[in-house]
Amino acid sequence: MNANSSLDPKTKELLAAVLAGDRRALAKAITLVESSHAKDEAAASALVQFALPHTGRALRIGLSGAPGVGKSTFIEAFGTWLTGQGKRVAVLAVDPSSRRSGGSILGDKTRMVKLTQEPNAFIRPSPAGATLGGVARRTRETMLLVETAGFDVVLVETVGVGQSETAVADMVDMFIVLVSPGGGDELQGIKRGIMELADLVVVTKADGDLMQAATRAAAEYRAALHLMRPKFDNWSADVRMVSSTEGKGIDQVWADIQTFRERLQSTGAWDRQRRDQSVAWLWGELREGLLALLTENKDARAELARFEALIAKGEAAPPAAARAILARWRGKT
């Protein structure tokens, strides 16, 4: 597919600016792909398609953890350390959305003041909306655009443990779970499914009075990980302790990330995972698109409203109602 031929002059100019590393153009491009307006859909799609040949070289890292674990503090320390190593770092920080306004609540740039001032860092807060896993629906496209702009490392911060974190694990190279030094009680509160997704567990706040608790928690998490089946043949998830405020342990986390990449690349698992993620992206887009087609149809909306009323009254079961709606839809296509 030759996306370049379908780009209008304005969008082509925007992509050229993104390729040149223009930060304002990058922000504008991300706004375009995040737009929910139908008028922007064609330009956004062409933009991403044209950007695709310029992507794939960045390291994509997902970061998750319960609220209060210190994700933003760690990301600022880690991102600043990386820029100090000559890396260009993009942070896609997905904020919880206000149910009333749809806008972001937290405002990540105010939580990462030092990193924001780094010329080789780019922070983009995006409202998560209703998307499972706390990942904005267009995070994948945004990731491709920051790669097009020449960023070496992309950090995707999710809202936190609580929904389906598979969403972010399905779009990054490495998934890191951040945990507090709470010991056994904290361990009991972490869902097994989240731990099974982890390629690395990082115990935060490993300093001062919490150092002993962090050491104990790290041992308990390491023991728990040993009971789980590894995701990859030649990599078993491990546990590291860090102090984001003191900068301790950051270099070890980066060393683990490098080792992880080398091992997966040596067996072909790295490229295989990325191919699988692209296919998963296709199916995700199809599901979203088919649901949109269904709900945008006038007759289908009326049928949905009728069944919703029946279900609310207890006069129809949701599975049977869904099959009836889909059967009628198939008959009209």
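**A chat about R263, strands, cores and helices**

User: Leaving aside neighbours within four places in sequence, what is R263 in contact with?
Analyst: R263 is in contact with N234 and W235. Keep in mind that this is a predicted model.

User: How far apart are the C-alpha atoms of R263 and W235?
Analyst: They are separated by 7.2 Å. Along the chain, the two residues are 28 residues apart.

User: Which helix does R263 lie in?
Analyst: R263 is in helix α11, residues 250–267.

User: Why does R263 count as partly exposed?
Analyst: Its relative accessibility is 38%. Partly exposed runs between the 20% cut-off for buried and the 50% cut-off for exposed, so R263 fits there.

User: New topic: strands. How many bridges join β6 to β7?
Analyst: Four. β6 covers residues 200–203, β7 covers residues 238–241, and the two run parallel. In one pairing, V202 has R240 in β7 as its bridge partner.

User: What does the chain pass through from β6 to β7?
Analyst: Helix α10, residues 211–226. This β-α-β crossover is right-handed.

User: And the cores? How many residues are in the largest nonpolar one?
Analyst: It has 51 residues. Among those with the most contacts inside it are L26, V201 and Y221. Helix α3, residues 38–51, gives the largest share, seven residues. A second, separate core has 34 residues, including A77 and L178.

User: Last one. At what angle do α12 and α13 cross?
Analyst: Roughly 85°, and their axes come within 5 Å. The two helices are therefore roughly perpendicular to each other.

User: Which residues meet there?
Analyst: L294, T295 and E296 in α12 meet K298, A300, R301 and L304 in α13.

Key: Residues are numbered from 1 along each chain as its sequence is written. This is a predicted model: local features need pLDDT of at least 70, side-chain atom pairs count only at pLDDT 80 or more; totals for chains, interfaces and linings use all residues. Side-chain values use heavy atoms; hydrogens and water are left out. Two strands pair if DSSP finds at least two bridges between them. A crossover is right-handed if, with the strands pointing away from the viewer, the path from the first strand over the helix to the second runs clockwise. A nonpolar core is a set of buried Ala, Val, Leu, Ile, Met, Phe, Trp, Tyr and Cys residues joined through side-chain atoms within 4.5 Å. Buried means under 20% relative accessible area, exposed over 50%, partly exposed in between (1.4 Å probe, protein chains only). Axes are lines fitted to C-alpha atoms, for helices over the stretch in contact, and angles run from 0 to 180 degrees between N-to-C directions. Angles under 35 degrees count as roughly parallel, over 145 as roughly antiparallel, 65 to 115 as roughly perpendicular and the rest as oblique. Contact means heavy atoms within 4.5 Å.
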